[in-house]
2 protein chains.
Amino acid sequence: MTVYFIGTGLIGGSAAIALRKRGFATRLIGFDTNYQHAEQALALGLVDEILLPNEAIKAADLVLLAVPVNAALELLPYILNLLKEDATVVDMGSTKNGICTEARFHRRRAQYVASHPMAGTEYSGPTAAADGLFDGKKAIVCEHRLSADFALNRALAMYRSLNMEVLFYTDAEAHDRHVAYVSHLSHVSSFMLGLTVLEVEKSEKYIFDLAGTGFESTVRLAKSSPATWTPIFLQNAASVSHALEKYIENLQRFKACIDAHNSDGIAALIAEANGIEKIIK
Amino acid sequence: MTVYFIGTGLIGGSAAIALRKRGFATRLIGFDTNYQHAEQALALGLVDEILLPNEAIKAADLVLLAVPVNAALELLPYILNLLKEDATVVDMGSTKNGICTEARFHRRRAQYVASHPMAGTEYSGPTAAADGLFDGKKAIVCEHRLSADFALNRALAMYRSLNMEVLFYTDAEAHDRHVAYVSHLSHVSSFMLGLTVLEVEKSEKYIFDLAGTGFESTVRLAKSSPATWTPIFLQNAASVSHALEKYIENLQRFKACIDAHNSDGIAALIAEANGIEKIIK
């Protein structure tokens with residue numbers, strides 16, 4: 001199968017490695033809105049050739065859209081216009097409401113599958129692409145009733161090749177609201193934790209010395225790329241803002257307990273937070 | 001050497017495993033302010049026997065104090081009073097200012113070494129004890145000039161056996177101020193992230209489904225024990241409150257950018273936070 005990877009970074013590049021290895025993709029064409037990433041992806045052998053969209057889309061059986069979500073929003077109608085009639089385009093962005101709304105009345109909507117593979121690392125670009133990134137993780141598919149059977153089946157086959165479990169979650173708006181809490185808020189929390197520590201701890205050597213395992217894991221996501229995350233926060237602004245409001249309120253409750261030396265209050269909030277261990281093993 | 005482990009949980013228990021294995025401790029006596037932990041530690045073979053402090057302290061060459069920091073503060077003067085003249089007590093708590101102040105004018109201050117091994121996991125109790133917990137990590141020693149050479153040497157030998165690098169950081173107050181940012185704030189951030197998500201996401205099944213790797217790593221510390229952490233926050237209240245204030249301010253800045261759809265502002269804050277990657281590899 002000829003697969004056209006629009007976006008050859010962490011997500012697109014890792015998909016290319018796995019889909020080639022499992023024999024799902026036999027001809028791998030790449031493109032990236034960041035031309036340096038395109039050059040790297042070719043040099044690293046993630047894809048066999050780099051072609052511009054107007055040429056490659058016509059040749060592709062499957063177009064994988066793995067660029068920042070603002071670029072995906074712009075590219076999708078263009079891709080659908082050029083796509084072969086039996087071909088499919090799957091987007092892999094972290095927000096689904098904007099792009100689903102954009103696609104809803106496109107005459108070729110049925111060839112599009114809106115998805116969100118829940119996998120990633122704090123690194124980005126083709127050099128961050130890795131075999132096994134998706135292994136055992138989950139991929140959400142939104143508004144699957146608007147996708148044709150052949151398109152949906154191709155997307156499912158691809159996710160099987162990536163060794164992912166697919167979950168249908170029809171409501172794209174609800175998807176975005178949920179990921180605001182379980183993914184986007186984690187990133188804001190980590191970005192601002194990194195920033196706060198950098199501002200206060202002037203001596204970088206010192207941070208490194210004192211960095212026990214706790215700090216490293218909470219601040220890991222603070223290395224994530226602005227190019228990826230800025231458009232995610234903008235597309236999901238209302239939900240992320242709401243999640244942040246709740247988070248700030250809880251931090252203020254905790255701070256009030258500390259300021260009042262309220263031992264029982266602190267212990268109660270921690271015990272409540274411990275409830276997460278039933279969910280995240 | 002006879003080592004008395006007061007506290008046989010994650011920290012004391014892991015130390016017992018390593019110190020026995022490396023031949024540093026030949027007789028391992030245990031005690032825990034939580035009697036169930038004492039029973040577990042004995043059943044797991046972390047220590048050879050459980051003895052009450054008034055008996056065991058007199059027999060010990062080294063007392064390792066690894067209980068919650070409020071209990072350590074109360075126990076230290078009592079331990080020093082009973083300690084053999086050539087024996088040493090080392091505490092392993094995450095706060096150093098309170099206990100150093102408490103110990104400063106004790107007639108046997110020189111037999112005490114104030115330390116903080118920067119290692120741990122989100123789990124607690126004897127069942128969480130693990131070989132290798134301390135391997136390659138760093139241990140801070142505060143106010144080392146108030147410790148006698150023989151006491152300091154014994155503590156250093158022990159940390160060598162734990163495979164830890166010791167760093168002297170004289171000023172206990174400054175130590176607490178720094179760990180407020182690099183460790184205690186991370187824990188508050190994670191506790192309140194867990195709490196916020198639990199409050200909003202009523203369906204526990206759903207959180208699990210959507211939990212990509214990002215959420216898991218930022219919320220991991222939210223499993224940490226109230227018994228360990230409540231007294232840490234109380235002993236380091238001023239610094240943790242200050243760190244929280246700065247953190248909340250930065251979250252509010254980020255939220256304001258999102259609310260204003262200020263793309264450049266969001267990208268600039270993320271790029272600033274990315275600075276952490278120079279420090280945490």
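The following paragraphs describe a predicted model of two chains, A and B, moving from the fold of chain A to its domains, a buried residue, the contact between the chains and one enclosed helix.

Chain A comprises 12 helices and eight strands. Its radius of gyration is 21 Å, close to the 19 Å expected from the globule rule for 281 residues, so chain A is as compact as a globular protein of that length. Along the principal axes, the C-alpha atoms of chain A occupy a box of roughly 65 × 40 × 30 Å. Buried positions make up 56% of the 281 residues of chain A, and among the contacts in this chain with a separation of 6 or more, 74% join residues that are 24 or more positions apart.

The domain assignment divides chain A into domain 1, covering residues 2-170, and domain 2, covering residues 174-278. The C-alpha centres of these two domains of chain A are 30 Å apart, and the contact between them draws 14 residues from domain 1 and 15 residues from domain 2. On the side of domain 1 that touches domain 2 in chain A, helices α4 (69-82) and α5 (97-103) and strand β7 (138-142) each supply at least two residues. By class, this side of domain 1 of chain A holds six nonpolar, six polar and two charged residues.

One of the residues of helix α6 (residues 149-161) of chain A is A:Met158. A:Met158 has 27 C-beta neighbours inside 10 Å and therefore counts as buried, the criterion being 20 or more. Leaving aside residues up to four places away in sequence, A:Met158 touches A:Leu19, A:Phe24, A:Leu62 and A:Val90. Of these partners, A:Leu19 stands 139 residues from A:Met158 along the chain, yet the C-alpha atoms of the two residues are separated by 7.5 Å.

The contact between the chains involves 81 residues from chain A and 81 residues from chain B. In chain A, the elements that each supply at least two residues to the side touching chain B are α7 (172-200), α8 (204-210), α9 (213-219), α10 (226-235), α11 (237-259) and α12 (263-273). Among these, α7(A) gives the most, with 21 residues. The side of chain A that touches chain B consists, by class, of 45 nonpolar, 22 polar and 14 charged residues.

Chain A is superposed on chain B by a rotation of 180° with 0.0 Å of shift along its axis, at an RMSD of 0.0 Å. The two copies are thus related as by a two-fold rotation axis. Within chain A, the C-alpha nearest this axis belongs to A:Thr218, at 2.1 Å from it. The same surface serves both copies, as 100% of the contact residues of chain A recur in chain B.

Helix α10 (residues 226-235) of chain B has nine of its 10 residues buried, so this helix is largely enclosed by the rest of the structure. The buried residues of α10(B) are B:Pro226, B:Thr228, B:Trp229, B:Thr230, B:Pro231, B:Ile232, B:Phe233, B:Leu234 and B:Gln235. Their cover includes elements of both chains, namely α11 and α12 of chain A together with α4 (69-82), α5 (97-103), α7 (172-200) and α11 (237-259) of chain B.

Note on methods. Residues are numbered from 1 along each chain as its sequence is written. Chains are lettered from A and ligands numbered from 1 in the order in which they are written. This is a predicted model: local features need pLDDT of at least 70, side-chain atom pairs count only at pLDDT 80 or more; totals for chains, interfaces and linings use all residues. Two residues are in contact if their C-beta atoms, placed from the backbone, lie within 7 Å. Helices (H or I, at least four residues) and strands (E, at least two) are DSSP runs, numbered from the N terminus. Ala, Val, Leu, Ile, Met, Phe, Trp, Tyr, Cys and Pro count as nonpolar, Asp, Glu, Lys and Arg as charged, and the others, Gly among them, as polar. Copies are superposed by least squares on the C-alpha atoms of residues with pLDDT of at least 70 in both. The radius of gyration is taken over C-alpha atoms; the globule rule is 2.2 Å times the number of residues to the power 0.38. A residue is buried if 20 or more other C-beta atoms lie within 10 Å of its own, exposed if 12 or fewer, and partly exposed in between; C-beta atoms are placed from the backbone. Domain bounds come from an automatic or database domain assignment.
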